[in-house]
Amino acid sequence: MFTIEHDFDATVITLIDELPQGEIGSRPLNEDVVIHSFDDRVVVEQFDPDTGELAQIVLTIEQLEELRAALNLPEGNYRLQRG
């Protein structure tokens, strides 16, 4: 399950971990992942229950495009052609 909200300067997507139907208690649930999408960057956040802190990763739009491409490519080294 996920939610999408449009704030003044960002789009906020929240990914909510849930078990598939019929798999009650088969694994522990992870904390929600919150993604803040700005014009020039994307911030991915998730609460870390082990440390009690919010873990945060900041990606440029170019890094996000590379991640999107990498999810559909086989093992190897790549460089996206921009332009």
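In the predicted model, the side chains of F2, I4 and L15 make up a nonpolar patch on the surface, and their accessible area together comes to about 300 Å². One member of this patch, I4, lies in strand β1, which covers residues 2-6. I4 stands opposite I13 of strand β2. Strands β1 and β2 run antiparallel and are joined by five bridges, and a hairpin of four residues connects β1 to β2.

Strand β2 spans residues 11-15. In a regular strand, side chains alternate between the two faces of the sheet. Along β2 this alternation is seen in the accessibility values: V12 and T14 point to one face and are buried, whereas T11, I13 and L15 point to the other face and are not buried. L15, on the face that is not buried, is also one of the residues of the nonpolar surface patch. T14 has a relative accessible area of 13%, and it counts as buried because the cut-off is under 20%. When residues up to four places away in sequence are not counted, T14 touches M1, F2, T3, D32, V33 and V34. Among these contacts of T14 is F2, itself a member of the surface patch.

On its other pairing, β2 is joined to β3 by five bridges, and these two strands also run antiparallel. Within this pair, V12 stands opposite H36 of β3. V12 is also 6.3 Å from S37, C-alpha to C-alpha, although the two residues are 25 apart in sequence.

S37 belongs to strand β3, which comprises residues 33-37. The relative accessible area of S37 is 29%, so S37 is partly exposed, a class that lies between the cut-offs of 20% and 50%. With neighbours within four places in sequence left aside, S37 is in contact with D9, A10, T11 and V42. Of these contacts, V42 is the residue of β4 that stands opposite S37. Strand β3 pairs with strand β4 (residues 41-48) in the antiparallel sense, over five bridges. The two strands form a hairpin with three residues between them.

Strand β4 pairs in turn with strand β5, residues 53-60, again in the antiparallel sense and over eight bridges. In this pairing, the bridge partner of V44 is I57 in β5. The hairpin of β4 and β5 has four residues between the strands, and in it G52 takes a positive phi near 75°.

Side chains of opposite charge can pair when their charged atoms come close. The count of salt bridges in the model comes to two. In one of them, the side chains of D17 and R27 meet at 2.9 Å, N to O. This pair links distant parts of the chain, ten residues apart, with both D17 and R27 placed in the loop between β2 and β3. R27 has a relative accessibility of 36% and therefore counts as partly exposed. The other salt bridge is formed by the side chains of D40 and R41, with an N to O distance of 2.8 Å. R41 is likewise partly exposed, at 31% relative accessibility.

Taken as a whole, the chain contains five strands and one helix. From the N terminus on, the order of elements is β-β-β-β-β-α. The radius of gyration is 16 Å, well over the 12 Å that the globule rule gives for 83 residues, so the chain is more spread out than a compact globule. The C-alpha trace spans about 45 × 35 × 25 Å along its principal axes. Of the 83 residues, 12% are buried; T14 is one of the buried residues. The chain exposes about 7,000 Å², and carbon and sulfur atoms supply 52% of this area. Among contacts between residues at least 6 apart in sequence, 8% join residues at least 24 apart.

Notes: Residues are numbered from 1 along each chain as its sequence is written. This is a predicted model: local features need pLDDT of at least 70, side-chain atom pairs count only at pLDDT 80 or more; totals for chains, interfaces and linings use all residues. Side-chain values use heavy atoms; hydrogens and water are left out. Patches are made of residues with over 30% relative accessible area and no salt bridge: like charges are joined within 9 Å, nonpolar side chains (Val, Leu, Ile, Met, Phe, Trp, Tyr) within 5 Å. Accessible areas come from the Shrake-Rupley method with a 1.4 Å probe; for residues, only the protein chains shown count as cover. A salt bridge is a side-chain nitrogen of Lys or Arg within 4 Å of a carboxyl oxygen of Asp or Glu. Two strands pair if DSSP finds at least two bridges between them. The radius of gyration is taken over C-alpha atoms; the globule rule is 2.2 Å times the number of residues to the power 0.38. Buried means under 20% relative accessible area, exposed over 50%, partly exposed in between (1.4 Å probe, protein chains only). Contact means heavy atoms within 4.5 Å.
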